[in-house]
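Here's a friendly walk through one structure, for anyone meeting it for the first time. Have a look at the picture, then read on.

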Amino acid sequence: MKSWPTPFVPAVPGHGEPLRLHDTSRDAVVPVDAGEVARLYVCGITPYDATHLGHAATYVTFDLVQRALRDAGHRVEYVQNVTDVDDPLLERAARDGRDWRELATSEIDLFREDMTALAVLPPDAFRGVVESMDEIVTAVRGLVDCGAAYRVPVPEGEGDGADVYLDLATTPSFGEVSHWTREQMSAVFADRGGDPDRAGKRDPLDPLLWRAARDGEPSWEDALLGAGRPGWHVECTAIALNHLGHPFDVQGGGTDLVFPHHEMSAVQATALTGDPVFARLYVHQAMVGFDGEKMSKSKGNLVLVSRLRADGVDPMAIRLVLLAQHYRTDWEYTDSLLAQAQTRLDRWRAALSTNGGVDATDTVAAVRAAVADDLSTPRALEAVDAWCERTLAGEGEDPGAPGLLARTLDALLGIRL
Ligand code: 5CA
Ligand code: ZN
């Protein structure tokens, strides 16, 4: 599907340092070590409600990854999916008496607007599940063919097909993304879309690959699988393999996706390709909370990007709220964080609209170094604050400094003043 407009990214003299990121599977900060082309897959939205600040944090984080990779001289191939058919979307559409397709379309449109306003670089391929059905079916069939999947007949009265599950007993790499214990896995599986109590499964954690058609649910015909729709994880397995190949460099999303989603996407890919590595790095954005809980569409404790925009908040201030936090630390949104970001933005605007300022060479280097060091954006912001304070105090008369720093903020942090 179409994504959204690409903002212009100015060139900054010189080159960024090689990017280092925290890899969940090794629990260490490691060099991304991409080739000339860096390949990035980020898990996209399930479009049943509007973009909240947690989503925005995730997409801004991987926007920074893209910007840092480009600055270090890579070309970036970036793929993002849209879960435009899945239980939460169908449930919300049913609850609100709306057509699920129409709900998805309107929320995807709003997401595009939010991403555009936040100056997030678009993916090269923005792929919905519905439009990717053939590739996903091919992946499920492949898992059946190689003996990694089994069928469980639909319970009586619900339909006459069979659901298809991955047989985790056939996937020895299971656990290598999260390194969680069975207890940890079992504790969250049901809350995160799993069905541990489904009768007939070989292992309660086996993930659903294909859900046979039920009355009133959308389904797609397949000669081998029967009518049905895909389980969640296999969409990302199929879309990533088809659009990026394997292994690719970075698999991204929020920490709520470490298990089961990224674990299952990876084992399914390994079962299909024989390649033990699906993504070289698994990078996760910490959870953004509000009112004492993870911000989530299902809980409804949302601060929406579109609501803030409608209230007249400058999208660059929203972006600065996000950049003021390190992506690996959970945090809670408060109005005072927004007020601080607005104050900072005003300060930066004032300093960068002077005719001259302190030589910006060291500040540019400090911003680059901070971003390349596991996206240490709070440190990058402090370096800019320091330059602004000195410049506003009248130190320095370098006429090129404000322009150079403004281009750096635009290119590396996506802050356009
Ligand atoms: N469609 C699936 C991924 S394939 C999904 O998780 N959709 S989502 O709409 O629930 O979330 C979209 C992205 O935002 C995911 O990467 C998710 O990890 C991230 N996310 C969701 N809630 C938060 C939050 N409170 N803080 C940070 N990131 C979040
Ligand atoms: Zn995903």
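Helices and strands here are DSSP runs, with helices of at least four residues and strands of at least two, numbered from the N terminus. With that in hand, P247 can be placed in the loop between α6 and β10. One thing to keep in mind throughout: this is a predicted model.

## Two cis peptide bonds

Let's stay with that proline for a moment. The peptide bond leading from H246 into P247 is cis, and its omega is near -10°. There's another cis bond running from F259 to P260, this time with omega near 0°. While P247 sits in a loop, P260 belongs to helix α7.

## The zinc site

Which protein atoms hold the zinc ion (ligand 2)? The donors are C43 through its SG, C236 through its SG and H261 through its NE2, at 2.0 to 2.3 Å from the ion. The site has four donor atoms, and the angles among them run from 103 to 118°, which makes it tetrahedral. As general background, the ideal angle for four tetrahedral donors is 109.5 degrees. Read along the chain, the protein donors of the zinc ion follow the spacing C-x192-C-x24-H.

Two of these donors tie distant parts of the chain together: C236 is in helix α6 (residues 233–244) and H261 is in helix α7 (residues 258–273), 25 residues apart.

Are C236 and H261 buried or exposed? C236 has a relative accessible area of 1%, so it is buried, since the cut-off for that is under 20%. H261 also comes out at 1% relative accessibility, and therefore counts as buried too.

## Around ligand 1

Now for the other ligand. There are 24 residues around ligand 1, and the ones that come nearest are G44, T83, G254, D256 and K297. Sorted by class, this shell has 10 nonpolar, 11 polar and three charged residues.

Some polar atoms of the protein pair up with atoms of ligand 1. Here are three such pairs:

| Atom of ligand 1 | Protein partner | Distance |
|---|---|---|
| nitrogen | T58, N or O atom in the side chain | 3.0 Å |
| oxygen | G254, polar backbone atom | 2.8 Å |
| nitrogen | M295, polar backbone atom | 2.9 Å |

How much of ligand 1 does the protein cover? On its own, ligand 1 has 600 Å² of accessible area, and the protein covers 95% of that. Two elements give two or more residues to the shell: α1 (53–71) and β10 (248–254). Of these, α1 gives the most, with four residues.

## Some residues worth a visit

Just along from α1 there's H74, which lies in the loop between α1 and β4 (75–82). Its relative accessible area is 19%, so H74 is buried by the under 20% cut-off. A polar atom of the H74 side chain lies 2.6 Å from the backbone oxygen of G35.

K201 is another loop residue, found between α5 (182–189) and β8 (208–212). What does the side chain of K201 touch? It makes a polar contact with the side chain of D195, at 2.8 Å. With a relative accessible area of 12%, K201 is buried.

Further along, I415 sits in the segment after α13 (401–413). At 0% relative accessibility, I415 counts as buried. If you look for H233 from there, you'll find that the C-alpha atoms of I415 and H233 are separated by 34 Å, with their positions 182 residues apart along the chain.

## Positive phi angles

Finally, take a look at the backbone of H179 and D291. Phi of H179 is near 55°, a positive value in a residue other than glycine. You'll find H179 in the loop between β7 (162–166) and α5.

D291 has a positive phi as well, near 55°, and D291 is not a glycine either. Its place is the loop between β12 (288–290) and β13 (293–294). Is D291 buried or exposed? At 63% relative accessibility, D291 counts as exposed, because the cut-off for that is over 50%.

Notes: Residues are numbered from 1 along each chain as its sequence is written. Chains are lettered from A and ligands numbered from 1 in the order in which they are written. This is a predicted model: local features need pLDDT of at least 70, side-chain atom pairs count only at pLDDT 80 or more; totals for chains, interfaces and linings use all residues. Side-chain values use heavy atoms; hydrogens and water are left out. Donors are N, O and S atoms within 2.8 Å of the metal (3.2 Å for Na, K and Ca); water is not among the atoms, so sites may look incomplete. Four donors count as tetrahedral if all angles lie between 85 and 135 degrees; four count as square planar and six as octahedral if opposite donors are over 155 degrees apart and all others between 65 and 115; anything else is irregular. Buried means under 20% relative accessible area, exposed over 50%, partly exposed in between (1.4 Å probe, protein chains only). A residue is near a molecule or strand if one of its heavy atoms lies within 4 Å of it. A polar contact is a pair of N or O atoms within 3.5 Å; within protein, one must be able to donate a hydrogen and the other to accept it, and residues adjacent in sequence count only if both atoms are side-chain atoms. Accessible areas come from the Shrake-Rupley method with a 1.4 Å probe; for residues, only the protein chains shown count as cover. Ala, Val, Leu, Ile, Met, Phe, Trp, Tyr, Cys and Pro count as nonpolar, Asp, Glu, Lys and Arg as charged, and the others, Gly among them, as polar.
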